[in-house]
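Colleague: Please take me through this model before I set anything up with it. I would like short answers with the reasoning shown.

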Amino acid sequence: SLRPRGKKAKDTKTHQESFPTKMSLDNIVFNNDTDAFGTDDNRAPSSVVHIRNQQRNGRKSLTTISGLADDLDLKKILKYIRKMYQTNGTVKNDKEHGDVIQVQGDLRKEIAQFLTEYKVCDKDEIKLHGF
């Protein structure tokens, strides 16, 4: 235990209990109220979202997300990813890939699950690299 001696533990909530269980992403997916995926579900994916892990020094790594639709609010998506997975990140503009979300740590599976769970993109649009 890391608390000082002589003091009793307070009856406090854990981090997960104090954090809301479901976050609302109502306004982040599209700027307009139309469905960008269309009504027919049998067509090919319109774009491919690439999720990669980029190794830094030692155990450190970055997860990059590129290929997201242009009408998405990437800063708002990043805000929810940072809060849900207790990490830091940024939105970078790359000449080759356009706007790219960078997140600290190897969160490829978690981010793929996040994007499909909150309907940012479909599961068949996501390409996980390195697995």
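The exchange below covers confidence, the overall fold, two helices and some single residues.

Colleague: What is the mean pLDDT of the protein chain?
Modeller: The model is predicted, and confidence varies along the chain. Of the residues, 65% reach a pLDDT of 70 or more. The mean pLDDT of the chain is 80.

Colleague: Over which residues does pLDDT stay under 50?
Modeller: The model has 18 contacts beyond four places in sequence for this stretch. Where pLDDT is low, the predicted coordinates should not be read in detail. The stretch with pLDDT under 50 is residues 29-39.

Colleague: In what order do the elements of the protein chain run from the N terminus?
Modeller: The secondary structure comes to three helices and five strands. Read from the N terminus on, the order is α-β-β-α-β-β-α-β.

Colleague: What share of the contacts with a separation of 6 or more comes from residues 24 or more positions apart?
Modeller: One long-range example is Val-48 with Glu-125, which are 77 residues apart along the chain and have C-alpha atoms separated by 4.8 Å. For the chain as a whole, residues 24 or more positions apart account for 58% of the contacts with a separation of 6 or more.

Colleague: How much of the area that the protein chain exposes is supplied by carbon and sulfur atoms?
Modeller: The chain has 131 residues, of which 29% count as buried. It exposes about 9800 Å². The part supplied by carbon and sulfur atoms is 45%.

Colleague: Is Val-48 buried, partly exposed or exposed?
Modeller: Val-48 sits in the loop between α1 (15-18) and β1 (49-55). Beyond its neighbours within four places in sequence, Val-48 contacts Ser-66, Gly-67, Glu-125 and Lys-127. Its relative accessibility is 41%, so Val-48 counts as partly exposed.

Colleague: Which elements are among those that cover the buried residues of α2?
Modeller: The buried residues in α2 are Leu-74, Ile-77, Leu-78, Tyr-80 and Ile-81. Seen down the helix axis, they fall within an arc of 165 degrees, so they line one face of α2. The cover includes β3, β4 (98-104) and α3 (108-117).

Colleague: Which elements do the buried residues of α3 pack against?
Modeller: In α3, the buried residues are Arg-108, Ile-111, Ala-112, Phe-114 and Leu-115. They fall within an arc of 160 degrees down the axis of α3, so they too line one face of their helix. They pack against β1, β2 (61-66), α2, β4 and β5 (126-128).

Colleague: Which residue follows α2 with a positive phi?
Modeller: The residue lies in the loop between α2 and β3 and is not a glycine. At 48% relative accessibility, it counts as partly exposed. Its phi is near 45 degrees, and the residue is Gln-86.

Colleague: Why does Thr-87 count as buried?
Modeller: Thr-87 also belongs to the loop between α2 (74-84) and β3 (89-94). Not counting residues up to four places away in sequence, Thr-87 touches Ile-81, Arg-82, Val-103, Gln-104 and Leu-107. Buried means under 20% relative accessible area. Thr-87 counts as buried because its relative accessibility is 18%.

Colleague: Is Lys-119 buried or exposed?
Modeller: Lys-119 comes just after α3, in the loop between α3 and β5. Its phi is near 55 degrees, a positive value in a residue other than glycine. With a relative accessible area of 60%, Lys-119 is exposed.

Colleague: How far apart are the closest N and O atoms of Arg-108 and Asp-106?
Modeller: These residues form a salt bridge, and a search of the whole structure finds one. Arg-108 is buried, with a relative accessible area of 9%, whereas Asp-106 is partly exposed at 37%. The closest N and O atoms are separated by 2.9 Å.

Colleague: What is the angle between the ring planes of Phe-114 and Tyr-118?
Modeller: The count of aromatic pairs comes to one. The pair is Phe-114 with Tyr-118, tilted, at 5.0 Å centre to centre. Both residues are buried. The angle between the planes is 55 degrees.

Technical notes
Residues are numbered from 1 along each chain as its sequence is written. This is a predicted model: local features need pLDDT of at least 70, side-chain atom pairs count only at pLDDT 80 or more; totals for chains, interfaces and linings use all residues. Side-chain values use heavy atoms; hydrogens and water are left out. Helices (H or I, at least four residues) and strands (E, at least two) are DSSP runs, numbered from the N terminus. Buried means under 20% relative accessible area, exposed over 50%, partly exposed in between (1.4 Å probe, protein chains only). Contact means heavy atoms within 4.5 Å. pLDDT is the predictor's confidence in each residue, from 0 to 100. Accessible areas come from the Shrake-Rupley method with a 1.4 Å probe; for residues, only the protein chains shown count as cover. Rings of Phe, Tyr and Trp (its six-membered ring) pair if their centres lie within 6.5 Å; planes under 30 degrees apart count as stacked, over 60 as edge-to-face and the rest as tilted. A salt bridge is a side-chain nitrogen of Lys or Arg within 4 Å of a carboxyl oxygen of Asp or Glu. The arc is that of the directions from the helix axis to the C-beta atoms.
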